[in-house]
Amino acid sequence: MEPLHVFVLLLVTELSQALNTTVLQGVAGQSLRVSCTYDALRHWGRRKAWCRQLAEEGPCQRVVSTHGVWLLAFLRKQNGSTVITDDTLAGTVTITLRNLQAGDAGLYQCQSLRGREAEVLQKVVVEVLEDPLDDQDAGDLWVPEESESFEGAQVEHSTSRSQSGKTFSPPTSILLLLACVLLSKLLTASILWAVARGRQKLETPVASGLDCSQDAGHQLQILTGM
């Protein structure tokens, strides 16, 4: 790493600490995930946005924002290679920058929207580093020799980047929505059962009364015949 680059990196880090700004680094061609935390109660019902600050004191150009319906904020919204999603119960908005390019480097903001006003949740400096694999020559790559035991097999040599496996965990907003749906169905079933039970109790005495009158008439006919 060149001394000038190290100096610039240290300078940016010091400035970011002074301005309460987070510095994140990503490799060109890969993805970078940004997480901005906030007070879930204070920002309840507000949409979130990700914008790029054009100048140090200039306006912040919006890149992408969460769903227009706040209850659906957990759904992913995408604009180009940028994806945003909001976990409103946990108080975390996540932005994913896919296929990073050198032009993606710059100063960004996580914002909480309230009408036309925008409150800054966090400032993020994105730095894009060159892919070290791009600087390798083809002659530096080790190619294994073909073995006699694999004469009939087709061997494909490729250079790939391994990604750690991630287990999918649904956002807490989805779990809350499912719980509300199940609770509403349970309440509806309980109400229908109570109504049916009440009707059954009302019809039972009437039916028994009719049976008693029929039995009395039958006994009267028997006495008359005698």
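**Strand pairing and core packing**

Tutor: In this predicted model, Thr85 has Thr94 of strand E7 as its bridge partner.

Student: What makes E6 and E7 paired strands?

Tutor: Strand E6 (residues 82-87) and E7 are joined by 6 bridges and run antiparallel. Pairing requires at least two bridges, and the 6 bridges satisfy that criterion, so the two strands count as a pair.

Student: How do you know that E2 is paired with strand E7?

Tutor: The same test applies. Between E2 and E7 (residues 92-97) there are 6 bridges, again in an antiparallel arrangement, against a requirement of at least two. Within this pairing, Val93 of E7 stands opposite Cys36.

Student: Why are E2 and strand E5 described as standing at the edges?

Tutor: The open sheet consists of 4 strands in the order E2-E7-E6-E5, with antiparallel pairing. E2 and E5 (77-79) each have a single partner strand, so one side of each lacks a neighbour in the sheet. From one strand to the next, the twist averages 20°.

Student: Which side chains of E2 are buried, and which are not?

Tutor: In a regular strand, side chains alternate between the two faces of the sheet. Strand E2 (residues 32-37) shows this alternation: Leu32, Val34 and Cys36 point to one face and are buried, whereas Arg33, Ser35 and Thr37 point to the other and are not. Buried here means under 20% relative accessible area.

Student: Why is the pair of Trp50 and Tyr108 called stacked?

Tutor: The structure holds 2 aromatic pairs. In the pair of Trp50 and Tyr108, the ring centres are 4.9 Å apart and the planes meet at 10°. Pairing requires centres within 6.5 Å, and stacking requires planes under 30 degrees apart; both conditions are met, so the pair is stacked.

Student: What parts does this pair tie together?

Tutor: Trp50 belongs to strand E3 (residues 47-53) and Tyr108 to strand E8 (residues 106-114), so the pair links parts 58 residues apart in sequence. Both Trp50 and Tyr108 are buried.

Student: Which residues touch the most other members of the largest nonpolar core?

Tutor: They are Trp50, Ile95 and Leu97, in a core of 15 residues. E2, E7, E8 and strand E9 (117-129) each supply at least two residues of this core. Beyond its neighbours within four places in sequence, Trp50 has contacts that include Val34, Ile84, Ile95, Leu97 and Val124.

Student: What is the secondary structure of residues 174-195?

Tutor: The chain there is 100% helix and 0% strand, with its end C-alpha atoms 32 Å apart. An unreviewed UniProt entry places the feature "transmembrane region" at residues 174-195.

Note on methods. Residues numbered from 1 in each chain as written. Predicted model: local features only at pLDDT ≥ 70, side-chain atom pairs only at ≥ 80, totals over all residues. Heavy atoms only, no water. Buried < 20%, exposed > 50% of the residue type's maximum accessible area, 1.4 Å probe, protein only. Phe/Tyr/Trp six-rings, centres within 6.5 Å; stacked < 30°, edge-to-face > 60°. UniProt positions renumbered as here; feature names shortened; annotations may be inferred. Axes fitted to C-alpha atoms, helices over the stretch in contact; angles between N-to-C directions. Core = buried A, V, L, I, M, F, W, Y, C linked by side-chain atoms within 4.5 Å. Contact = heavy atoms within 4.5 Å.
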